[in-house]
Amino acid sequence: MKTLDTYDWISIVIYFLVLLGIAVWVIRKKKENTEDYFLAGRNIGWFVVGASIFASNIGSEHVVGLAGTGASDKLPLLIYEIQAWVVLILGWVFLPFYARSGVFTMPEFLEKRFDARSRWVLSIFSIAAYVLTKISVTIYAGGVVVSALLGIDFWTGAIATVILTGIYTVLGGMRAVVYTETLQAVLLIVGAGVLTAIGLDRVGGWESMTETLSPEYFNMWRPATDPDFPWPSLLITSTIVGIWYWCTDQYIVQRALTAKNIKEGRRGTIFGAMLKLLPVFLFLIPGIIALTLKMRGELHWDSPDEAFPVLMSNLLPSGLRGLVAAGLLAALMSSLASVFNSCSTLFTVDIYKKLRPNTPEKKLVRTGQVATVIVVVIGIVWIPIMANISGVLYEYLQSVQAYIAPPITAVFLMGIFYKRINATGAFATLIMGIVVAFLRITLELVKGSFETDSFLYKLGDMNFLSFGAWFFLFCILFIIAVSLLTPAPSREKVVNLTFGTITAEEKLKNKASYSWVDISISIIIIIIVIGVMIFFNGK
C-alpha cells in the first residue's frame with residue numbers, strides 16, 4: 001500500500017479549494033426561503049440534476065462496496081448497478097405526479113394522495129432508515145477510504161470529513177449540495193475510468209483476467225435453487241428496491257424536484273440514467289482486477305472492502321493518485337451532503353412545519369440548519385457502531401433495503417396506478433410493513449435460539465432476496481384488500497394524482513414536455529442494460 005506523496009497532496013488541496021470556491025459562491029447568492037434552501041429555488045437545469053442524481057447515488061460506500069462485490073464472488077449483486085432503466089421510471093412515470101402536486105417531500109406527496117397519517121409514518125421511518133443505512137454505512141465506508149488513502153487514523157478521517165461536509169450543507173442548503181455534487185461526479189468518473197483502463201492493461205486485458213478467475217466467475221445469473229442469489233428472487237427484489245430507492249426516496253427524488261420544470265427534470269433523470277450505466281465499469285471491474293492481481297500474488301488486501309483503495313494506491317501514478325483520492329473523498333462528501341440535506345428537509349417540512357404551520361420562512365430555514373447539525377452529530381455517534389460491521393458492505397446494505405423497500409414501493413405504485421386505493425389501505429400497509437421489516441431483522445439476529453424446523457427459524461433464515469419478493473407480493477395484496485374493505489377516496493382527493501384521474505389539460509402539458517430525442521435516448525439506455533445482463537452470463 002503506497003502512501004500519498006507531495007504531488008498527490010497538491011491535487012487534493014487544489015480540489016478542496018475549488019470545492020470551497022463553489023460552496024462560497026452558492027452561500028453568497030442564496031435566498032432565505034424554504035424553496036431555495038431545500039430545493040435550490042426549483043431552478044436547476046437537466047445537466048446538474050442528472051449529475052447530482054448520479055453523485056448522490058455513488059457514495060464511498062458504493063465505491064468500496066461495489067469493488068468489494070467484484071472482489072468476493074458476489075457478482076449477482078451487479079444487478080443493483082444496472083438499474084438505469086429504473087431511473088427512467090422516475091422521470092417518465094413518477095416525476096409528473098410529484099411536479100403536478102408541487103410537493104417538497106415524498107411524505108408530503110403521500111398526504112396529498114392519501115392523508116396525514118401516511119405522511120407522519122413515512123417521515124419518521126425515513127429519517128430512522130437514513131440513520132440506520134445511509135448515514136452510518138457512508139461514514140463507515142468513508143473511514144475505511146480515508147484511513148487507507150491518507151494514512152491517517154480511521155476516527156480522525158471520518159470525523160473530519162463529516163464535519164467539513166456538514167458545514168457547507170448547513171450554510172449552503174440544497175444549492176450547495178447539487179453544484180458541489182456536479183464537480184464530484186465529473187472527478188469520480190474521470191478518476192475511476194483511468195484506474196479501470198490502467199488496471200485492465202496491468203492484468204493483460206479482459207481475456208487474461210477471465211483465464212485467471214474462470215468464465216464462471218463472471219456469471220451473475222445463479223440457478224433458482226442457489227442458496228445465496230437465486231435469479232428469480234434477485235431480479236424481482238432488486239427491481240422492488242430499485243423503485244423504492246430511485247422513484248420514492250427523498251434522497252434521490254429531491255434532486256429531480258429542484259428542476260425548473262417537468263421537461264428539465266425528466267431530462268435530468270435520463271442523463272442520470274446514462275451515468276448510472278458507468279458504475280459497472282468504474283467500480284465493479286476494478287474490484288475484479290484487484291482479485292486477479294491478488295490471485296497472481298501481485299497485490300495484497302485483507303478484506304474485499306479494501307480492494308478499491310489498495311488497487312488505486314498501487315497502480316496510479318503520483319498526482320493522479322491524489323486526484324482519484326480526492327474523487328473518493330468527494331463521493332463520501334456528496335453522499336453525506338445529500339443525506340444531511342434530505343434529513344433536514346424531512347424534519348423541517350414534514351414534522352416541524354406540520355406541528356407549527358405559521359412559522360416564518362426564515363425560521364424554517366434556521367430549523368433546517370439546526371436539524372442538519374443534529375444529524376451530523378448522530379452520524380459521528382454512529383461511527384463506533386458501524387466500525388463493528390463485518391462482511392461485504394454492499395451486501396449488508398442490500399439485505400436491509402430488501403426489508404424496508406416492499407411496503408413503501410407497494411404504497412407508491414398502487415397509489416398512482418389504482419385510484420381505488422385509499423388512505424386506510426396505505427396507512428395500514430406502511431405500519432404492517434415496518435413491523436414485519438423489524439421482525440425479520442430481529443429474527444435474523446436471534447434465529448439460532450429457535451428449533452431449525454420452527455416457523456420463526458425459517459422466517460429468519462429465508463434468503464433475503466426471496467423474503468423481499470414474497471413480502472412485496474403480500475404488501476400488494478394487503479393494500480388492495482384493506483382499501484376494498486373500506487370506503488373509496490373522493491374524486492377531488494385523487495384528481496391528477498393517479499393515472500386514471502389525469503385531466504385532459506394535464507395530459508397535453510405532459511405530452512409537450514418531451515420529444516423524440518428523450519424517447520430515443522431512453523430506449524438506447526434500456527438496450528444497453530439488456531446487453532450488460534446478457535454479457536455477464538459466465539460464457
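This is a short working chat about the structure above.

Q: What kind of model is this, and how are residues numbered?
A: It is a predicted model, where local features need pLDDT of at least 70, side-chain atom pairs count only at pLDDT 80 or more, and totals for chains, interfaces and linings use all residues. Residues are numbered from 1 along each chain as its sequence is written, and side-chain values use heavy atoms, with hydrogens and water left out.

Q: How many helices and strands?
A: The protein chain has 23 helices and zero strands. These are DSSP runs, numbered from the N terminus: helices are H or I with at least four residues, strands are E with at least two.

Q: Why call the chain compact?
A: Its radius of gyration is 23 Å, close to the 24 Å that the globule rule gives for 539 residues, so the chain is as compact as a globular protein of that length. The radius is taken over C-alpha atoms, and the rule is 2.2 Å times the number of residues to the power 0.38.

Q: What box do the C-alpha atoms fill?
A: Roughly 70 × 60 × 50 Å, along the principal axes.

Q: How much of the chain is buried?
A: Buried residues make up 61% of the 539. Buried means under 20% relative accessible area, exposed over 50%, and partly exposed in between, with a 1.4 Å probe and protein chains only.

Q: And what does the chain expose?
A: About 20,400 Å², with carbon and sulfur atoms supplying 68% of it. Areas come from the Shrake-Rupley method with a 1.4 Å probe; for residues, only the protein chains shown count as cover.

Q: What share of contacts joins residues at least 24 apart?
A: 85%, among contacts between residues at least 6 apart in sequence. Contact means heavy atoms within 4.5 Å.

Q: On to the core. Which residues touch the most other members?
A: Phe-94, Tyr-98, Phe-283 and Phe-412, in the largest nonpolar core of 155 residues. Helix 15 (residues 320–355) gives the largest share of this core, 15 residues. A nonpolar core is a set of buried Ala, Val, Leu, Ile, Met, Phe, Trp, Tyr and Cys residues joined through side-chain atoms within 4.5 Å.

Q: What is Phe-94 in contact with?
A: Leaving aside neighbours within four places in sequence, Phe-94 contacts Ile-89, Ile-243, Cys-247, Thr-248, Phe-412, Leu-413 and Ile-416.

Q: Cys-247, then. Buried or exposed?
A: Cys-247 is buried, at 0% relative accessible area.

Q: How many disulfides does the count give?
A: Zero. The rule asks for a pair of cysteine sulfur atoms within 2.5 Å.

Q: Why is Cys-247 not bonded to Cys-475?
A: The sulfur of Cys-475 is the closest cysteine sulfur to that of Cys-247, but at 17 Å it is too far for a bond.

Q: Switching to Gln-250. Where does it lie?
A: Gln-250 lies in helix 11 (residues 250–257). It is buried, with a relative accessible area of 3%.

Q: What does the Gln-250 side chain reach?
A: The backbone nitrogen of Met-106, at 2.9 Å. The Gln-250 side chain also makes a polar contact with the side chain of Gln-254 (3.0 Å). A polar contact is a pair of N or O atoms within 3.5 Å; within protein, one must be able to donate a hydrogen and the other to accept it, and residues adjacent in sequence count only if both atoms are side-chain atoms.

Q: Where is Thr-105 found?
A: In the loop between helix 5 (84–101) and helix 6 (106–113). Thr-105 is buried, at 0% relative accessible area. Leaving aside neighbours within four places in sequence, its contacts include Gln-250, Thr-345 and Leu-346.

Q: Which side chain makes a polar contact with that of Thr-105?
A: That of Asp-350, at 2.6 Å.

Q: New topic: backbone. What is the phi of Ser-214?
A: About 80°, positive although Ser-214 is not a glycine. Most residues other than glycine have a negative phi. Ser-214 sits in the loop between helix 9 (206–213) and helix 10 (231–248), and is partly exposed at 31%.

Q: And the phi of Asn-496?
A: Near 65°, also a positive value in a residue other than glycine. Asn-496 is in the loop between helix 21 (491–494) and helix 22 (504–511). At 16% relative accessibility, Asn-496 counts as buried.
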